[in-house]
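Hi,

Here is the structure I said I would pass on to you. Have a look at it first, and then read my notes below.

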Amino acid sequence: MASNSKPHQACIDEDRISGLPDEVLCHILSFLYTITAVKTCVLSHRWKNLWASVPNLKLLICSPKSDSTCSPGFVDRVLTSRGSSRIHRFHLNLYGAHKYFSHVDEWICTAITRNVVELHLLLFPNPWQRYELPRTLFMCKTLVILKLRLQFDIVAIPPNSDCFPNLKFLHVSVCFPDADSMKKLFSCCPALEDLIIDGNVEKIPGDADLVLRLNVSAPKLKILQISLMGSWMRNVSITVNAPQLETLDLMENFFATYSLKNAKALSKAKVDVQVYRRYHADPGIDYAHRTHRLFAGIINVKSLSLAAPILTNPCLEFQGPLPKFYNLNHLEVRLKTCSSWKSLTKLLEISPNLENLVFENNIKCHADHDKNDQWCQPETLPICLFSSLKTVCVRGFRWHSDEMEAVKYMLKHGEALNKVTVYARNISAEKQMEWQQEFVDFPRVSKTCQIELVELIDRGF
């Protein structure tokens, strides 16, 4: 008698990938470099021309070559074999292959004629030969997302002010950028909503001081992020005219001269200006004037994150009072170096309606500077302490005397306080109970204020 066979053979090999619809397979191939996607044509008859239907092209031309590297001839054949099919995303990375730059304009123009929506250009031309982006790029009507790398030998100057009619997202990474491009590129984007500018604006060794004028003029811009580094940069100005701007994120180490115009819709700002570390301050720069201009531009924010010591340079003298943040209800202050407590007290004084305060101390002061890092209570009691401040959160608490005095001061005068949370570093259960009781014993004016001590794991700040 023949043996009974199983109704289902579990060991039968099953090609699940080929069972997927073409749309799903094309979506999977879109994440690969195009040269890798093309190689799938040998898998079966179905796969022979499937790669040509992928809406995204990701091309890498570099020296030395790698498995993902392709040649200019390959790029030409790919574009030709696709016919007039639409290109959604075109990603071109050309590095160390200077002799092929003569093809770049043609490839970009081909992507534009195929109604490209997203364009990524990572170009490294010959250092001794400037490359100017084609005019057709700026006039593209289908382009919505553009990611671009700018350096001193790449010129990106729009032909007129009516460029990028539908561009909504722009990310420009810079490295020793062309000054004219930085001045004009960001002032011709009528539909732009999200702008990121990051990189290195250091002047080229041997050149005179770089004068950098960054102008952003975008009537629909909502989010602006600027992250630039450049040692000893003195002549940098950043002008922003964006009446619908809601979120601003600034990080740099030279403190540019800021001019924020029509920023009435701005509700959230993050500012990290590292130049105020006392040993890097430039005596030739009027930091007080630049601080006043920056604060005047962000005066309407409701939420502010500020890296201190932005107000504590020994030479910083204000000719008049700082602008008051009447709309500010949430403030985060990161104390970065010694003498940062002055920043906190000044900020409390100019935030009369503040409700939530977070301050954090991440960087340890050297022992010989501890004498400069003492809490000094304000000359007059900040209005927010007895009228609006509801929560205080202290992060990175190390039980230094200045930290203790700051907490005591707020408990003593915080009439509206509901809760104070202290995150301390690596404490034993015994010490936690001891210090918890010490906090409880602090005199406080608010009878409903709760105090909570939470252990914070040290991550090497």
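**What I found**

Looking at long-range contacts is a good way in: of the contacts between residues at least 6 apart in sequence, 74% join residues at least 24 apart. Please keep in mind that this is a predicted model. The protein has 461 residues, and 47% of them are buried. You can trace 11 helices and 20 strands in it. About 23100 Å² of the protein is exposed, with carbon and sulfur atoms supplying 52% of that area.

**How far to trust it**

The mean pLDDT is 83, and 83% of the residues reach 70 or more. Two stretches deserve some caution. Over residues 5-12 the pLDDT stays under 50, and the model shows 0 contacts beyond four places in sequence for them. Residues 365-370 also stay under 50, though here the model has 7 such contacts. Where pLDDT is low, the predicted coordinates should not be read in detail.

**Cysteines**

How many disulfides does a search of the whole structure find? The count is 0. Take Cys-70: the closest cysteine sulfur belongs to Cys-62 and is 8.9 Å away, which is too far for a bond, because a disulfide needs the two sulfur atoms within 2.5 Å. Cys-70 is buried, at 7% relative accessible area. Cys-175, on the other hand, is partly exposed at 21%.

**Salt bridges**

Side chains of opposite charge can pair when their charged atoms come close. The count of salt bridges here comes to 5, and these are three you can look up.

- Arg-46 and Asp-22 meet through their side chains, with 2.6 Å from N to O. Arg-46 sits in the loop between α2 (34-38) and β1 (56-62), while Asp-22 belongs to helix α1 (residues 22-29), so this pair ties together parts that are 24 residues apart in sequence. Arg-46 is partly exposed at 32% relative accessibility, and Asp-22 is partly exposed at 36%.
- Arg-130 and Asp-178 form a salt bridge too, at 3.1 Å from N to O. Arg-130 is in the loop between β3 (118-123) and β4 (131-132), and Asp-178 is in the loop between β7 (169-175) and α6 (179-184), so the parts tied together are 48 residues apart in sequence. Asp-178 counts as buried, with 10% relative accessibility.
- Glu-452 and Lys-419 pair up at 2.9 Å, N to O. Glu-452 is in strand β20 (residues 450-456) and Lys-419 is in strand β19, so the bridge ties together parts that are 33 residues apart in sequence. Glu-452 is partly exposed at 33%, and Lys-419 is partly exposed at 32%.

**Two buried residues in strands**

While you have strand β19 on screen, find Thr-421, which lies in that strand (residues 419-425). Is Thr-421 buried or exposed? Thr-421 is buried, with a relative accessible area of 10%. Which residues does Thr-421 touch, not counting those up to four places away in sequence? They are Val-392, Cys-393, Val-394, Glu-452 and Val-454. You have already met Glu-452 as the salt-bridge partner of Lys-419.

Then go to Val-273 in strand β14 (residues 268-273). Val-273 is buried, at 4% relative accessible area. Leaving aside neighbours within four places in sequence, Val-273 is in contact with Glu-252 and Phe-255. The C-alpha atoms of Val-273 and Leu-250 are separated by 7.7 Å, with the two residues 23 apart along the chain.

**A nonpolar patch on the surface**

Last stop: Leu-381, Ile-383 and Phe-386 make a nonpolar surface patch of about 240 Å². Phe-386 lies in helix α9 (residues 383-387). At 35% relative accessibility, Phe-386 counts as partly exposed, because anything between 20% and 50% falls in that class.

If you want somewhere to start, try the pair Arg-130 and Asp-178, and then turn to the patch made by Leu-381, Ile-383 and Phe-386.

Cheers

Key. Residues are numbered from 1 along each chain as its sequence is written. This is a predicted model: local features need pLDDT of at least 70, side-chain atom pairs count only at pLDDT 80 or more; totals for chains, interfaces and linings use all residues. Side-chain values use heavy atoms; hydrogens and water are left out. Helices (H or I, at least four residues) and strands (E, at least two) are DSSP runs, numbered from the N terminus. Buried means under 20% relative accessible area, exposed over 50%, partly exposed in between (1.4 Å probe, protein chains only). Contact means heavy atoms within 4.5 Å. Accessible areas come from the Shrake-Rupley method with a 1.4 Å probe; for residues, only the protein chains shown count as cover. pLDDT is the predictor's confidence in each residue, from 0 to 100. Patches are made of residues with over 30% relative accessible area and no salt bridge: like charges are joined within 9 Å, nonpolar side chains (Val, Leu, Ile, Met, Phe, Trp, Tyr) within 5 Å. A salt bridge is a side-chain nitrogen of Lys or Arg within 4 Å of a carboxyl oxygen of Asp or Glu.
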